[in-house]
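Work through the exercises below with the sequence and the coordinates at hand. Each task is followed by its solution.

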Amino acid sequence: MTTTLMEKLTIKTENKFRTLTTKQSYKKGEVICPIPSEDLRDKPNRYTVQIGRDKHTHVGKLAALNHSCDPNVILDTENMEMVACKDIEKGEQLFFFYPSTEWEMDAPFICLCGSANCINVVAGARFLPLSTLERHYLSPHIRETVIELLNHTQRNLEKIKS
Ligand SMILES: [Zn+2]
């Protein structure tokens, strides 16, 4: 699987900053590669992608995938596939929207992607307004956690009335 993956993708390192670029073009909706899931963790780190409530997978070479607020790939954690969400040219750098899988990140950072919809602080979906989240594809565990939080606000009425 890893061999197949790296036949299609290249990792470039410049001043310790890694980027993932593609060696071929993709059409929007095309599957690029599977997401590795052999090495599961219960806590996030810089090399993991969240795939469930308390489930993080070490993604190996895909850890070189950088964040953008205007991404060209999504990580479909239901089918465990990286999918092009735009037409992508050969040689382009690949980006995904980190909060689409990450609820609370281990290492938040400031985004300099320059997109009109830049969220600036990338710390996980937990720290973003619904008006931002609704514009993106979100993994099921992110969607469920947001819905659960909203459902729990009913308890605030109980607190007020008690
Ligand atoms: Zn940004």
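**Exercise 1.** What percentage of the 162 residues in the protein do buried residues make up?

Solution. The model is predicted: local features need pLDDT of at least 70, side-chain atom pairs count only at pLDDT 80 or more, and totals for chains, interfaces and linings use all residues. Residues are numbered from 1 along each chain as its sequence is written. A residue is buried if 20 or more other C-beta atoms, placed from the backbone, lie within 10 Å of its own. Buried residues make up 28% of the 162.

**Exercise 2.** Count the helices and strands, then assess the overall dimensions.

Solution. Helices (H or I, at least four residues) and strands (E, at least two) are DSSP runs, numbered from the N terminus. The protein has 4 helices and 12 strands. Its radius of gyration, 17 Å, is close to the 15 Å of the globule rule for 162 residues, so the protein is as compact as a globular protein of that length. The radius is taken over C-alpha atoms, and the rule is 2.2 Å times the number of residues to the power 0.38. Along the principal axes, the C-alpha trace spans about 60 × 35 × 30 Å.

**Exercise 3.** Describe how β1 and β2 are connected and paired.

Solution. Two strands pair if DSSP finds at least two bridges between them. β1 (residues 9-14) and β2 (residues 17-22) pair in the antiparallel sense over 6 bridges. Thr13 has Arg18 in β2 as its bridge partner. The two strands form a hairpin with 2 residues between them, and Asn15 in the turn has a positive phi of about 50°.

Conventions
A residue is buried if 20 or more other C-beta atoms lie within 10 Å of its own, exposed if 12 or fewer, and partly exposed in between; C-beta atoms are placed from the backbone.
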